[in-house]
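Please follow the account below with the model in view. It proceeds from one element to the next and ends with the aromatic side chains.

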Amino acid sequence: MLLETERLVLRPLKDIDASELYRLHTDPLVVRLTTCGLAMTRAQSDERLLLYLREWREFGFGFFMVYEKQDNGSLCFCGRCGLRDFNGNSPELGYCFFELSSGRGLATEAARKVICDAAARLGLEKLVALVRPANLASQRVMDKLGFTYLHIMNHRNAAYRYYERDLAPLTVMQNSFPLFQRRAF
């Protein structure tokens, strides 16, 4: 399954993505905003990949590798975006992008496509998202995506802003989130 936007191509993570994912997990911006300033080891990154792959098998959703389309027709890996199990409740929307790819709306664009897929293919009715209080850029993305901030919560020994998004209106408001395109990868 492949999701595509004007600027991006998203494909489900594969076991061959370990090195690229580790490179992303050790990007300075990702480390600063997602892991309290402590870079993941290669073993930790590989464990995370195994978790993401298991979630694809068990739930039919997970993280996508996100590639930015280049003028010459090639694709450049720029981040990951997708859904993960959140304590057995509503799936959590998450993403992280390389510092060089940030600030250009790529996270919003990728997340919109993932949200559309969650509503159309999976029939999900609600998503949640967790954002570190210092991550103002991701808070703006949540606003753009129609998430509602509810409260601060502690998760994995860190404070997060907890957001929710009702997906039921997407079945009525298809114009707000254009339908995704699928292609084999």
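The crossing of helix 1 and helix 3 is right-handed, in what is a predicted model. In general, two packed helices are described by the angle between their axes and the distance between the axes. Here the axes of helix 1 (residues 18–25) and helix 3 come within 9 Å, with a crossing angle of roughly 115°. On the side of helix 1, the residues that take part are Ala18, Ser19, Leu21, Tyr22 and His25. They meet Arg42, Ser45, Asp46, Arg48, Leu49 and Tyr52 of helix 3.

The strands come next. Eight of them make up an open sheet with mixed pairing, in the order 1-2-3-4-5-6-8-7. Strand 1 (3–4) and strand 7 each have a single partner strand and stand at the edges, so one side of each is left without a neighbour in the sheet. At the edge formed by strand 1, the pairing with strand 2 (residues 8–12) is antiparallel and comprises two bridges. Within that pairing, leucine 3 stands opposite leucine 10 of strand 2. Helix 3 packs on the sheet, where it touches strand 2, strand 3 and strand 4. The direction of helix 3 makes about 60° with that of strand 4.

Further along the order lies strand 5. Strand 4 and strand 5 run antiparallel and are joined by six bridges, and glycine 82 has glycine 94 in strand 5 as its bridge partner. With strand 6 (residues 126–131), by contrast, strand 5 pairs in the parallel sense, over two bridges. Leucine 93 stands opposite alanine 129 of strand 6. How many residues of strand 5 are buried? Six of its six residues are, and the strand is accordingly described as mostly covered. Glu92, Gly94 and Cys96 point one way from strand 5, while Leu93, Tyr95 and Phe97 point the other way, and all are buried.

The final two strands in the order form a hairpin. Strand 7 (residues 148–155) and strand 8 (residues 158–166) pair in the antiparallel sense, with seven bridges. Two residues lie between these strands, and arginine 156 in the turn has a positive phi of about 50°. One pairing position places histidine 151 opposite tyrosine 162 in strand 8.

Is tyrosine 162 buried or exposed? Its relative accessible area is 10%, which is under the 20% limit, and tyrosine 162 is therefore buried. Leaving aside its neighbours within four places in sequence, tyrosine 162 is in contact with residues including Phe86, Val128, Ala129 and Leu130. The contacts of tyrosine 162 also include Thr148, Tyr149, Leu150, His151 and Met153. The C-alpha atoms of tyrosine 162 and alanine 129 are separated by 6.0 Å, although these residues are 33 residues apart along the chain. Asparagine 154, in strand 7, offers a contrast: asparagine 154 is exposed, with a relative accessible area of 58%. Its C-alpha atom is separated by 10.0 Å from that of leucine 130, which is 24 residues away along the chain.

The aromatic side chains complete the account. A search of the whole structure finds eight aromatic pairs. One of them is the tilted pair of tyrosine 52 and phenylalanine 63, with 4.5 Å centre to centre and 55° between the planes. This pair links distant parts of the chain, since tyrosine 52 belongs to helix 3 (residues 42–59) and phenylalanine 63 to strand 3 (residues 63–69), 11 residues apart. Both tyrosine 52 and phenylalanine 63 are buried.

Phenylalanine 77 and phenylalanine 98 form an edge-to-face pair, 5.4 Å centre to centre with 90° between the planes. Phenylalanine 77 lies in strand 4 (residues 75–84) and phenylalanine 98 in the loop between strand 5 (92–97) and helix 4 (106–120), so the pair ties together parts that are 21 residues apart in sequence. Phenylalanine 77 is buried, at a relative accessible area of 7%, and phenylalanine 98 is buried with a value of 7%. Tyr67, Phe77 and Phe98 form one aromatic cluster.

Charged groups also meet aromatic rings. The charged end of arginine 80 sits over the ring of phenylalanine 63, at 4.4 Å from the ring centre. In the hairpin strands, the charged end of arginine 161 sits over the ring of tyrosine 149, 3.7 Å from its centre.

Conventions
Residues numbered from 1 in each chain as written. Predicted model: local features only at pLDDT ≥ 70, side-chain atom pairs only at ≥ 80, totals over all residues. Heavy atoms only, no water. Phe/Tyr/Trp six-rings, centres within 6.5 Å; stacked < 30°, edge-to-face > 60°. Helix = DSSP H or I, 4+ residues; strand = E, 2+ residues; numbered from the N terminus. Buried < 20%, exposed > 50% of the residue type's maximum accessible area, 1.4 Å probe, protein only. Lys NZ or Arg CZ within 6 Å of the ring centre and 35° of its normal. Pairing = 2+ DSSP bridges. Axes fitted to C-alpha atoms, helices over the stretch in contact; angles between N-to-C directions. Left-handed = near helix turned anticlockwise from the far one by under 90°. Contact = heavy atoms within 4.5 Å.
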